[in-house]
Amino acid sequence: MSIERYYLGMPFWGFRDWVGNLYADGTRPRDFLEQYATVFNAVEGNTTFYHLPDARTVARWKAQTPASFRFSFKFPQEVTHKLALRNAGSIVANFLRTLAPLGPRLGPYMLQLPARFGPSRLGQLDRFLGELPRGLPVAVELRHPALCAGDGQRTVNELLAACGVDRVIMDTRAMRSGDPSHPDVVEAAHKKPDVPVRRVVTGGTPFARVVGHPDPAVNEPWLQRWALHLAAWIDEGRTPYFYAHVPNNLHAPPLARRLHALIGERTNVGALPDFPGE
């Protein structure tokens with residue numbers, strides 16, 4: 001059995017501290033993805049935010065994953081943060097061309113915009129999205145407070161819906177509802193956006209990134225709520241993407257496993273395979 005009807009994963013696969021639990025003892029870093037893909041069916045591609053892989057690496061990623069697996073690669077930070085979506089056509093073309101050999105394994109690309117990208121720049125976002133290849137799956141993450149509530153939120157949601165683009169739902173409430181003095185939380189609280197959570201679907205494919213607390217008990221009520229919404233979307237015929245984060249990353253696999261179990265209590269989503277390291 002395996003995950004069915006939705007995509008579940010974490011922000012990356014290259015984490016050595018998962019050896020001995022998610023990954024089998026002795027697993028080499030170059031083999032992490034292959035074992036990751038025996039359990040989860042999706043992953044964020046944070047690596048492309050910083051640099052693009054070479055052709056040999058892309059070919060290895062393809063060989064290590066089944067065709068049903070999905071990568072949600074981030075657009076390069078040069079596009080989103082340095083150029084603020086302006087005059088980035090050649091960089092975007094190279095980005096898409098580099099990853100194209102992955103074919104059906106390419107899920108929604110993630111356009112993660114900085115907190116300084118506010119209402120005055122929505123014209124740039126509209127132009128940028130309009131210049132992308134027609135039908136390219138994209139999910140946009142906005143962090144400016146004025147675009148996450150009130151009229152600003154409605155305006156950007158209408159823009160994304162008109163472009164057929166999804167909005168990333170970023171939820172850090174679980175992380176912030178537990179002990180704030182936990183050292184991992186103290187550091188993450190300064191990096192992760194604290195924005196209102198609206199479970200809106202603008203492009204047809206729900207896309208959520210949820211940051212849990214290192215204490216599993218703190219996460220439970222939040223996971224219960226997310227399981228309810230995910231199951232409802234799935235039963236509507238949608239195919240959500242859900243990425244589980246935890247400040248120290250170590251506990252992300254069990255958090256994702258718990259969520260899958262809770263969804264399974266509400267609708268059929270298959271069985272999550274055992275972790276190779278267990």
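# Notebook: contacts, sheet, rings and odd phi values

I started at Pro-66. Setting aside neighbours within four places in sequence, I find Pro-66 in contact with Ala-37 and Arg-105. I note here that I am working on a predicted model. Pro-66 sits in the loop between α3 and β3. Is Pro-66 buried, exposed or partly exposed? Its relative accessible area is 35%, so I log Pro-66 as partly exposed. I also checked Pro-66 against Asn-87, 21 residues away along the chain. Their C-alpha atoms are separated by 35 Å.

**Helix α3**

Next I took the helix before that loop. Helix α3 covers residues 55–63. Which of its residues are buried? I get Thr-57, Val-58 and Trp-61. Looking down the axis of α3, I see the buried residues fall within an arc of 100°, so they line one face of the helix. The face turned away from that buried side carries Ala-55, Arg-56 and Ala-63, which are exposed. What covers the buried residues of α3? The cover includes α1 (32–36), α2 (47–50), β3 (70–73) and α5 (89–99).

**The sheet**

I then traced the strands. There is an open sheet of eight strands, paired in parallel. I read the order as β3-β2-β1-β8-β7-β6-β5-β4. The edge strands are β3 and β4 (109–112), and each pairs on one side only. On average, neighbouring strands are turned by 25° against each other, direction ignored.

At the β3 edge, I looked at the pairing with β2 (residues 42–45). These two strands pair in the parallel sense over four bridges. Val-43 stands opposite Phe-71 in β3.

At the other edge, β4 is joined by four bridges to strand β5 (residues 138–141), and the two run parallel. Which residue of β5 is the bridge partner of Leu-111? I find Val-140. A reminder to myself: in a regular strand, side chains alternate between the two faces of the sheet. In β4 both faces are covered. Tyr-109 and Leu-111 are buried on one side, and Met-110 and Gln-112 are buried on the other.

**Aromatic rings**

How many aromatic pairs does the structure hold? The count is 25. I looked up two of them in detail.

Phe-69 and Phe-71 have ring centres 5.1 Å apart and planes at 70°, so I note the pair as edge-to-face. Phe-69 and Phe-71 are both buried.

Phe-95 and Tyr-109 have ring centres 5.5 Å apart and planes at 65°, so this pair is edge-to-face. It links distant parts of the chain: Phe-95 is in helix α5, Tyr-109 is in strand β4, and they are 14 residues apart. Phe-95 and Tyr-109 are both buried.

I also found an aromatic cluster. Its members are Trp-13, Tyr-36, Phe-40, Trp-61, Phe-69, Phe-71, Phe-73 and Phe-275. Trp-61 is one of the buried residues of α3 noted above.

**Arginines over rings**

I checked two arginines against tryptophan rings. The charged end of Arg-199 sits over the ring of Trp-226, 4.7 Å from its centre. Arg-225 lies over the face of Trp-222, at 4.5 Å from the ring centre.

**Gln-153**

I moved on to Gln-153, in helix α7 (residues 150–163). Is this residue buried or exposed? Its relative accessibility is 12%, so Gln-153 counts as buried. What does Gln-153 contact, leaving aside neighbours within four places in sequence? I list Ala-146, Leu-147, Cys-148, Arg-167 and Arg-198.

**Positive phi**

Last, I looked at backbone angles. Most residues other than glycine have a negative phi. I noted two residues with a positive value.

Arg-5 has a phi near 75° and is not glycine. Arg-5 is in the segment before β1 (7–10). With a relative accessible area of 37%, Arg-5 is partly exposed.

Asn-87 has a phi near 55°, again a positive value in a residue other than glycine. Asn-87 is in the loop between α4 (77–82) and α5. Its relative accessible area is 76%, so I enter Asn-87 as exposed.

Notes:
Residues are numbered from 1 along each chain as its sequence is written. This is a predicted model: local features need pLDDT of at least 70, side-chain atom pairs count only at pLDDT 80 or more; totals for chains, interfaces and linings use all residues. Side-chain values use heavy atoms; hydrogens and water are left out. Buried means under 20% relative accessible area, exposed over 50%, partly exposed in between (1.4 Å probe, protein chains only). The arc is that of the directions from the helix axis to the C-beta atoms. Contact means heavy atoms within 4.5 Å. Two strands pair if DSSP finds at least two bridges between them. Axes are lines fitted to C-alpha atoms, for helices over the stretch in contact, and angles run from 0 to 180 degrees between N-to-C directions. Rings of Phe, Tyr and Trp (its six-membered ring) pair if their centres lie within 6.5 Å; planes under 30 degrees apart count as stacked, over 60 as edge-to-face and the rest as tilted. A charge sits over a ring if NZ of Lys or CZ of Arg is within 6 Å of the ring centre and within 35 degrees of the ring normal.
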